[in-house]
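User: I should like a close examination of a single part of the model shown below, set in the context of the whole chain.

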Amino acid sequence: MIDWINDPALKNMDPAKLELFKMAANQVAGKSGNAMAPIMMSLITNANKRGIQFTPDEISLILDLMKQGKSPAEQQNIDKTVQMVQTMMKNNSRSRTKK
């Protein structure tokens, strides 16, 4: 298990959210920013299916923890991936509301 999963900042997170986060964290271990996109999408999709929504602060915290120990270039790559995922989510949300 990755050390930052036990970060004190996560102690107040809802247990259901924390469990989803731990599953995603195990999947991203050792992966690049590009490989994180489908895993983050899966985390969000699984959460939505369970009626769980992460707050922007929780998402920021999770991403900050996932970037720990990564090079500055890799951190930038993760940020770009997150922006791509957010854009995809917004587009998916818009297409659902138009139906």
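Among contacts in the chain between residues at least 6 apart in sequence, what percentage join residues at least 24 apart? Please then concentrate on helix α1 (residues 15-28).

Analyst: The model is predicted, so local features are given only at pLDDT of at least 70 and side-chain atom pairs only at pLDDT 80 or more, whereas totals for chains, interfaces and linings use all residues. Residues are numbered from 1 along each chain as its sequence is written, and side-chain values use heavy atoms, without hydrogens or water.

Of the contacts (heavy atoms within 4.5 Å) between residues at least 6 apart in sequence, 65% join residues at least 24 apart. The chain contains four helices and zero strands, where helices are DSSP runs of H or I with at least four residues and strands are runs of E with at least two, numbered from the N terminus. Of its 99 residues, 34% are buried, that is, under 20% relative accessible area with a 1.4 Å probe and protein chains only; exposed means over 50%, and partly exposed lies in between.

Helix α1 has 14 residues and should span 20 Å at 1.5 Å a residue, which agrees with the 20 Å between its end C-alpha atoms; the expected span is 1.5 Å times one less than the number of residues. Its buried residues are Lys17, Leu18, Leu20, Phe21, Ala24, Ala25 and Val28. They cover an arc of only 160 degrees around the axis, which places them on the same side of α1; the arc is taken from the directions from the helix axis to the C-beta atoms.

At the N-terminal end of α1, Asp14 acts as a cap, with a side-chain oxygen 2.8 Å from the backbone nitrogen of Ala16. After the helix comes Gly30, which has a positive phi near 80 degrees.

Lys17 also forms a salt bridge with Glu58, the closest N and O atoms being 2.8 Å apart; the criterion is a side-chain nitrogen of Lys or Arg within 4 Å of a carboxyl oxygen of Asp or Glu. Because Glu58 lies in helix α3 (residues 56-67) and Lys17 in helix α1, the pair ties together parts 41 residues apart in sequence. Both Glu58 and Lys17 are buried, and the count by this rule is one salt bridge.

A further relation involves Leu20: its C-alpha lies 9.6 Å from that of Ser42, although the two residues are 22 apart in sequence. Ser42 belongs to helix α2 (residues 33-49) and, at 30% relative accessibility, counts as partly exposed.

Notes:
A polar contact is a pair of N or O atoms within 3.5 Å; within protein, one must be able to donate a hydrogen and the other to accept it, and residues adjacent in sequence count only if both atoms are side-chain atoms.
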